[in-house]
Amino acid sequence: MIATLFDFDGVLVDSEPVHLAAFNDVLASYGIAIAPTEYAASYLSLDDAGVFREVLSRAGRAPSDEEVRAMVASKAPRFLARFEDAFRVFPGAIDLVARRADRGPVGIVSGALEDEIVFALRKMGLFGKVAFIVSADLCALSKPDPAPYVLALEKLRALGGFRDAVAIEDSLGGVASAKGAGLRCFAVAHSYSVDELARAGADTAVSDLAQLTDTLLDGE
């Protein structure tokens, strides 16, 4: 069996603009706003803590761990409130996850918080199709570090019964994380171009999820 490890935001759900808005909700009290182009260039693959730490550092602040944790906690309900009104699934996402779950274990490997991922999976009717979730809550290091995918592979080995695993990503940092963990990585151009994803090291980059056929993912 082939296991499939999905990034979440930007691969299955079109939530990156919602995350950006929620980040800016919290950062407004600091007089800081992240522009969409800056978010894509510098922050898109980071978890919440990584974004806040990097943004404040660039603004000349040295945030404490406690301050960053408070900012993450403040963002979470703001994100979910916005997500309720702006929930959008990428075309083909539900079918792809369900199809891959019929062929082997499916995991979610994301810099989002677990509550956010579970909320979306339930709305998509996919919660029962996912064997495990590696979220920001579980991993001290975020993408582009390979740590999230290394942890996912450990979870897969505990499940057993798979002969290979592939990752599906949308960001440059996500591709770097998956490749750093030794995975084959397929990237979908929801956040970056096909050429950018290929240059980042994706084994295959496609323009939409419909192109991720079982034949392609399984290497048949």
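## Aromatic pairs

This predicted model holds six aromatic pairs. Take F23 and Y39: their rings sit 6.1 Å apart, centre to centre, with 50 degrees between the planes, so the pair counts as tilted, given that stacked needs under 30 degrees and edge-to-face over 60. The F23–Y39 pair links distant parts of the chain, with F23 coming from helix α1 (residues 16–27) and Y39 from helix α2 (residues 36–43), 16 residues apart. Both F23 and Y39 are buried.

Elsewhere, ring pairs tie F79, F83, F87 and F119 together into a cluster.

## Charges over rings

F23 turns up again here: K75 lies over the face of its ring, at 4.5 Å from the ring centre. So F23 has Y39 as a ring partner and K75 over its face.

There's another case at F127, where R122 lies over the ring face, 4.1 Å from the centre.

## Strand β1 and its neighbours

Now for strand β1 (residues 2–6). Five of its five residues are buried, so the strand is largely enclosed by the rest of the structure. Both of its faces are covered: I2, T4 and F6 are buried on one side, and A3 and L5 are buried on the other.

Which strands does β1 pair with? One is β4 (residues 164–169), which runs parallel to β1 and is joined to it by five bridges; there, I2 has D164 as its bridge partner. Another is β2 (residues 106–109), also paired with β1 in the parallel sense, over three bridges. On that side, F6 of β1 is bridged to I108.

Terms used
Residues are numbered from 1 along each chain as its sequence is written. This is a predicted model: local features need pLDDT of at least 70, side-chain atom pairs count only at pLDDT 80 or more; totals for chains, interfaces and linings use all residues. Side-chain values use heavy atoms; hydrogens and water are left out. Rings of Phe, Tyr and Trp (its six-membered ring) pair if their centres lie within 6.5 Å; planes under 30 degrees apart count as stacked, over 60 as edge-to-face and the rest as tilted. Helices (H or I, at least four residues) and strands (E, at least two) are DSSP runs, numbered from the N terminus. Buried means under 20% relative accessible area, exposed over 50%, partly exposed in between (1.4 Å probe, protein chains only). A charge sits over a ring if NZ of Lys or CZ of Arg is within 6 Å of the ring centre and within 35 degrees of the ring normal. Two strands pair if DSSP finds at least two bridges between them.
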